Amino acid sequence: MKALKQLPAWNVLEQHYRAMRRFDMRDAFRDDPRRFERLSLRLGSVLLDYSKNRITPDTLTHLMQLARESALESQREAMFSGAHINFTEQRAVLHTALRAPAHPPLTVDGVEIRQDIADALAHMRQFVDALHQGTWRGHTGKPIRHVVNIGIGGSDLGPAMVCDALAQYAVDSVRLHFVSNLDPAHLSATLAGLDPETTLFIIASKTFTTLETLANAHSAKAWLLSALHDPAAVSRHFVALSTNTQAVRAFGIDPANMFIFWDWVGGRYSLWSAIGLSIALALGWTHFQALLDGAHAMDQHFRNAPLEANLPVVLGMLGIWYANFWGTDTHGIFPYDQRLRLLVPFLQQLDMESNGKNVSHANRRVNYNTGPIIWGAPGTNGQHAFFELVHQGTRLIPTDFLVAAINPTPLADQHEWLLANCLAQTEALLKGKSRAVVEAELVAQGMPRRDARALAPHKVFPGNRPSNTLLYQTLDPHTLGMLIALYEHKVFVQGVIWQINSFDQWGVELGKQLAPPIRHALDPDQPAGEHDGSTLGLIADIRQRRA
């Protein structure tokens, strides 16, 4: 395949962008009363309104042509069929298979994986039912009341986000906690007030060698044994999500309580696998299955819908339009839903670890923007923090707004205000407020015209700033599954266009390699070793402070 900038559609889009630089969405809405209808898509209860973007029908035509010239459709099918699209690690990418029905069969590297997935899910369900029914008990015979998931990255962010988002569906008998940070304050604060006799730990590490996870796991084990004393207690209070049977057994966990997943499940795509055990324990199996079903519904849409009517494709290509032609560097995500307060950290890993790459499939440095900086916070908090920058700053920031039409929380009037604020922000980004309108308002309020003219520039909103709105009926497990899969596939689309591997993460390795010798150097009885001058200075200062 040609390099991205050599594709004919890229050149067409460059010319189109030059013609669009003065495009004003406000004029487009005035000229086309049906713009919203033409530029919105629905799937189930999810509505994507992308009409508030600096696009015309020609823009979409050119973007979809770029997708076709980039072989998006064949790359999409390669992913679903188990090809090794993670080419730097020679792995398939099949998180979609984890939420698909058992038929038809799917063979990967000579192995039929549907039955393996069904067996893994059955193992999980058996354990979940046993714990909820009280037949799985702790070492002293007491039922488990608290479950602590110890993981990091994809073994923490996804499950923690889902459990928080769907807390209203949680079972009454078990409370979930999540520990990820190597900072001992995280584990200590979580364990405070817990009873070792009624606490179960899930150790989530594919290799069972992850530094942060194993450090927390050993500390949790010491906490347990300091109270229960008997090493045999470990096997009733710890389970593992891993593939390393030997290390799991050495830790003291019965391999029968090891829940497996596969190397074709990337960490940030793993909440659908055994990594989701914490979700199933928190919500019950029926709701976990509904989460999978929602994701599968989006998978089917992504795989089969025409590009122009495909929610992940449209979102992904709009991101290409802004990042590569308008020169935007960031993308704001604002869920007007407190239950989705952990969505942005989850999407930061999903997007930036996937597409934060600078080398193409051809092993060449790319000469265009790839993954944007993902940031945001729940509304309305963000309005009182950083929306000044979005509305009046010098940068163009594409944004996504997410909101539920119905909120089951009984404070109904507050949800009406929440909805109103969400829609008002997208309208304000579109419409803005001109200097003439500001001056007229100030004069009408009694300000002298001269003062009004001086103050007006500071109160002008440029407007014409792009946003997408994702509106859904209510945040239930099925809908959340759809939304997560939507963003997963958006990331895939953009990786295909940028000709990068969205499924490796070599960028996290160097810091891990440098940490052990620095840890060694912090010991005042050991040589500092070879480091840059700044790092040596910091090591010396730490040693001195401790002395």
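Mentor: Before we place any residue in a loop, note that helices (H or I, at least four residues) and strands (E, at least two) are DSSP runs, numbered from the N terminus. The model in front of us is predicted, and the protein in it contains 22 helices and 13 strands.

Trainee: What is the radius of gyration of the protein, and what does the globule rule give for 547 residues?

Mentor: The radius of gyration is 26 Å, close to the 24 Å that the globule rule gives for 547 residues, so the protein is as compact as a globular protein of that length. Taken along the principal axes, the box that the C-alpha atoms fill is roughly 80 × 60 × 60 Å.

Trainee: How many of the 547 residues count as buried, as a percentage?

Mentor: Buried residues make up 51% of the 547, while the accessible surface comes to about 24300 Å², with 53% of that area belonging to carbon and sulfur atoms. If you consider contacts between residues at least 6 apart in sequence, 74% of them join residues at least 24 apart.

Trainee: Which residue other than glycine has a positive phi in the loop between β3 and β4?

Mentor: The general idea is that most residues other than glycine have a negative phi, and most peptide bonds are trans. Here, Asp109 has a positive phi of about 50° although it is not a glycine, and Asp109 sits in the loop between β3 and β4 (111-112). Exposed means over 50% relative accessible area, so Asp109, at 59% relative accessibility, counts as exposed.

Trainee: Does the second such residue need a separate reading, and is Phe208 buried or exposed?

Mentor: Phe208, a residue other than glycine, also has a positive phi, near 55°, and is found in the loop between β7 (199-204) and α9 (211-228). Because its relative accessibility is 5%, Phe208 counts as buried.

Trainee: Which peptide bonds are cis?

Mentor: Among them is the bond from His103 to Pro104, with omega near 5°, and Pro104 belongs to the loop between α5 (72-81) and β3 (107-108). Another cis peptide bond runs from Gly379 to Thr380, with omega near 10°; Thr380 has its place in the loop between β11 (373-376) and α16 (387-392).

Trainee: Which strands form a hairpin with two residues between them?

Mentor: They are β1 and β2, and in the turn Gly44 has a positive phi of about 60°. Strand β1 (residues 40-43) pairs with strand β2 (residues 46-49) in the antiparallel sense, over four bridges, and one of the residues to look at is Arg42, whose bridge partner in β2 is Leu47.

Trainee: What order do the strands have in the open sheet of five strands?

Mentor: As a general idea, the side chains in a regular strand alternate between the two faces of the sheet. In this case the order is β6-β5-β7-β8-β9, with parallel pairing, and the edge strands, β6 (175-179) and β9 (258-259), each pair on one side only. Strand β5 (residues 146-150) runs parallel to β6, joined to that strand by five bridges, and Ile150 has Val179 in β6 as its bridge partner.

Trainee: Is His237 buried or exposed, and in which helix does His237 lie?

Mentor: His237 lies in helix α10 (residues 234-237) and, at 0% relative accessibility, counts as buried. Leaving aside residues up to four places away in sequence, His237 touches several residues, including Gly138, His139, Glu197, Phe201 and Leu228.

Terms used: Residues are numbered from 1 along each chain as its sequence is written. This is a predicted model: local features need pLDDT of at least 70, side-chain atom pairs count only at pLDDT 80 or more; totals for chains, interfaces and linings use all residues. Side-chain values use heavy atoms; hydrogens and water are left out. The radius of gyration is taken over C-alpha atoms; the globule rule is 2.2 Å times the number of residues to the power 0.38. Buried means under 20% relative accessible area, exposed over 50%, partly exposed in between (1.4 Å probe, protein chains only). Contact means heavy atoms within 4.5 Å. Accessible areas come from the Shrake-Rupley method with a 1.4 Å probe; for residues, only the protein chains shown count as cover. Two strands pair if DSSP finds at least two bridges between them.
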